[in-house]
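User: Please take a close look at one strand and its surroundings. I would like to know how it pairs and how enclosed it is.

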Amino acid sequence: MDKVRVYHHEGSTSIYYYCPGCKHHHSVPTPRWNWNGSVEFPTVTPSVKHTAPPSHYCCHYFITDGKFHYCGDCSHSLSGQVVDMLPPETGEEDDTGNSN
């Protein structure tokens with residue numbers, strides 16, 4: 001089961017995935033972040049940190065072998081936990097207002 005989608009645009013590549021901590025999608029550009037090339041068991045380094053000022057919301061994690069390793073500074077309920085990644089289509093109806 002794929003855990004990420006790969007997008008190519010104007011010579012750059014990004015991976016797109018659902019975050020169960022934030023309950024929406026994130027993406028990161030490669031090679032700015034190193035990605036092992038696996039869509040089933042992705043590993044991304046270094047850590048990824050999304051913030052939303054001025055609310056001070058934070059989602060900070062490592063992705064290793066298809067699992068989120070959420071750091072302790074996360075604002076959401078999965079802070080400090082290790083959680084399996086879900087398929088990238090998870091939650092798309094929440095992001096767009098439409099079902100898949």
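Analyst: Two strands pair if DSSP finds at least two bridges between them. Strands are DSSP runs of E with at least two residues, numbered from the N terminus. This is a predicted model, in which local features need pLDDT of at least 70, side-chain atom pairs count only at pLDDT 80 or more, and totals for chains, interfaces and linings use all residues. Residues are numbered from 1 along each chain as its sequence is written, and side-chain values use heavy atoms, with hydrogens and water left out.

The strand chosen here is β2, residues 12–19. Strand β1 (residues 5–9) runs antiparallel to β2 and is joined to it by five bridges. One of the pairs puts Y7 with S14, its bridge partner in β2. The hairpin of β1 and β2 has two residues between the strands, and E10 takes a positive phi near 45° there.

β2 also pairs with strand β3 (residues 24–30), again antiparallel, through seven bridges. Within this pairing, Y16 stands opposite S27 in β3. Four residues lie between the strands in the hairpin of β2 and β3, where K23 has a positive phi near 65°.

As for enclosure, buried means under 20% relative accessible area, exposed over 50%, and partly exposed in between, with a 1.4 Å probe and protein chains only. Six of the eight residues of β2 are buried, so the strand is largely enclosed by the rest of the structure. In a regular strand the side chains alternate between the two faces of the sheet.
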